[in-house]
Amino acid sequence: MRASFALPVVIGAALLAAAPVSAQTGAAPSLRIYVIDVEGGNATLIVSPTGESLLIDSGNPSNGRDADRVAAAAKDAGLTQIDHFILTHYHADHLGGLPELAPKLPIRHFIDHGPNIDPMGSGAKLEPIYQQLYAKATHTVATPGDRLPIRGVDIRVVASAGQLAKALPGAGAANPYCAAFKPADNNLEDPMSVGVHVTFGRFRAVHLGDLTKNKEFELMCPANRLGTVDVILGAHHGQASSNSPVLVHALRPRVVIMNNGTRKGGEPEVMQTMFSSPGLEDLWQMHFSLLSGQEYTSPGMYIANGVDEQPAALPIAPAAAPQPGGPATPAPAHSGPAYWITVVARQDGTYTVTNARNGFSKTYRLAK
Ligand SMILES: [Zn+2]
C-alpha cells in the first residue's frame, strides 16, 4: 500500500520541519540547488525559499567521504535535517552514502519507487539498511503525478517504477525528434528511477535519476509530456544509456549540469547530443571526464572537479567508454577537496550557476 503525498500528516510534518525564513533575509526568495560531487554517483540537494529540503540520492559507499560532502552542502544551506529524501533507484552510486549520512543528518521522509527489483544490482545489499531507516520515519512509494509537500516550489513525480506521468500543464506537443529514436539496452533498476520536475515561478528543471533511453522515449513520444526546461540536473552521469535526443533536444535546456565521474559519463555520443541540443548555452560538469578527452569536453571553467592524477598534457582523443547499461567503472579513491555546482533560481526565471572550485558564475535571464 502506498502513502499519498496529500496525507495531512506528511504536510504537517513538513511545516513543522521548515527552517526559518531568515536564511534568505534581504534577498528575493530563491530556490537553491547543490549538485554535489560524489564521484560519478548522484547527490542533489534542493532547498526551498523557506528552508525546506529535498535530497535526491546520497552518493557512493565511500567510508563516509560522500556522506561528508552531502553534509557539507547541507551545512552550507543552513540545514540541520533533510525533510524529504528521494532514492531514485537501488544502485550503490545513489544509495551507498546513506548509511553514513543518516546518523549525521536526520531524514524525515523517504520516497522511493517501491522495492528493489534487481537482486544482483549494486545496491541490493543495502536495501535492508534502507528499510530500517525509513521504518523510523515517514515513507512514501512515489507514483507519477504525486506532488511533494514543499511550500513555494512545485515538485512533481514524473517517473517511478517504470510508470510515467501524463503530460504536465502546458506540455503535450508533438515531439519532432521521435522518428530518429534508437532503442537501447537497460539494466533492471535504472528504468525504475524516480524522476521529478521542479517548477519555481518561471524556473523549471528536471532530475530524472538514471531513467534510460527506452523510458525517455515512452515519456517524450509521440507527445512531449514535460515541455521545455531551463536546467537538466544530473543527466544519468552523462552516460550513453540515457540522454537520447528525444529527451534532451525536446526539453531544450539552456543549461545541463552533468553528475559525471572521471571515468563515467561524458562520452562522445552524449557530448554530441548535448552540444547539438537546440538552445543549449552551457554544459556544466561535475568532473573532467577521461571519456571526453580534449575533443569533447566542456571548457575547464564549467567543470567543478578535475581528474585524480592530473596528466601533464590533456589527450585530445577520448578514452574508450564502457558498454552502455553495463556495470559502472568503480569510483576513484579521490578523497581531497570536492567542489559542488550550485543553481540559485528566482521566481522571475532568472538563475545563476556557480562553480565552487573557481568561483566562476553565470546568470541566465529570460529572453525579453
Ligand atoms: Zn547512477
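Welcome to this predicted model. A good place to start is Leu 233, which stands opposite Ile 257 in strand 14. That pairing belongs to strand 13 (residues 231-234) and strand 14, which run parallel and share 4 bridges. From there, the tour takes in two sheets, a nonpolar core, an enclosed helix and a few unusual backbone spots.

**Around strand 14**

- Strand 14 (residues 255-258) is covered on both faces: Val 255 and Ile 257 are buried on one side, and Val 256 and Met 258 are buried on the other.
- Strand 15 (residues 282-287) also pairs with strand 14, in the parallel sense and over 4 bridges.
- Within that pairing, Val 255 has Asp 282 of strand 15 as its bridge partner.
- Two right-handed β-α-β units involve strand 14: one is made of strand 13, helix 7 and strand 14, and another of strand 14, helix 8 (residues 268-275) and strand 15.

**The two open sheets**

- As general background, strands of a sheet pair through backbone hydrogen bonds, in either a parallel or an antiparallel way.
- An open sheet of 8 strands follows the order 8-7-10-11-13-14-15-16, and its pairing is mixed.
- Strand 8 and strand 16 (303-305) are the edge strands here, each pairing on one side only.
- Strand 7 and strand 8 are antiparallel partners, with 2 bridges between them.
- There is also an open sheet of 9 strands, ordered 6-5-4-3-2-1-17-18-19, again with mixed pairing.
- Its edges are strand 6 (138-141) and strand 19 (361-364); each has a single partner strand, so one side of each has no neighbour in the sheet.
- On average, neighbouring strands of this 9-strand sheet are turned by 15° against each other, with direction ignored.
- Strand 1 (residues 30-35) and strand 2 (residues 44-47) run antiparallel and are joined by 4 bridges, and Tyr 34 stands opposite Leu 45 of strand 2.

**The nonpolar core**

- The largest nonpolar core contains 92 residues, and those with the most contacts inside it are Val 35, Ile 36, Leu 45, Ile 232, Val 256, Ile 257 and Ile 341.
- Helix 7 (residues 245-251) supplies the largest share of this core, with 5 residues.
- Setting aside neighbours within four places in sequence, Val 35 is in contact with Thr 44, Leu 233, Ile 257, Asn 259, Met 286, Trp 340 and Ile 341.

**Helix 6, an enclosed helix**

- Helix 6 (residues 213-220) is largely enclosed by the rest of the structure, because 6 of its 8 residues are buried.
- Those buried residues are Lys 213, Lys 215, Glu 216, Phe 217, Leu 219 and Met 220.
- They pack against strand 7 (154-160), strand 8 (163-164), strand 12 (223-224) and helix 7.

**Backbone spots to look at**

- In general, most peptide bonds are trans, and most residues other than glycine have a negative phi.
- Cys 221 and Pro 222 are joined by a cis peptide bond, with omega about -5°; Pro 222 sits in the loop between helix 6 and strand 12.
- Asn 63 has a positive phi, near 50°, and is found in the loop between strand 3 (53-56) and helix 2 (65-76).
- Asn 63 counts as exposed because it has 10 C-beta neighbours inside 10 Å.
- His 236 is not a glycine, yet its phi is positive at about 50°; this residue lies in the loop between strand 13 and helix 7.
- His 236 counts as buried because it has 26 C-beta neighbours inside 10 Å.

Conventions. Residues are numbered from 1 along each chain as its sequence is written. This is a predicted model: local features need pLDDT of at least 70, side-chain atom pairs count only at pLDDT 80 or more; totals for chains, interfaces and linings use all residues. A nonpolar core is a set of buried Ala, Val, Leu, Ile, Met, Phe, Trp, Tyr and Cys residues joined through C-beta atoms within 7 Å. A residue is buried if 20 or more other C-beta atoms lie within 10 Å of its own, exposed if 12 or fewer, and partly exposed in between; C-beta atoms are placed from the backbone. Two residues are in contact if their C-beta atoms, placed from the backbone, lie within 7 Å. Two strands pair if DSSP finds at least two bridges between them. Axes are lines fitted to C-alpha atoms, for helices over the stretch in contact, and angles run from 0 to 180 degrees between N-to-C directions. A crossover is right-handed if, with the strands pointing away from the viewer, the path from the first strand over the helix to the second runs clockwise.
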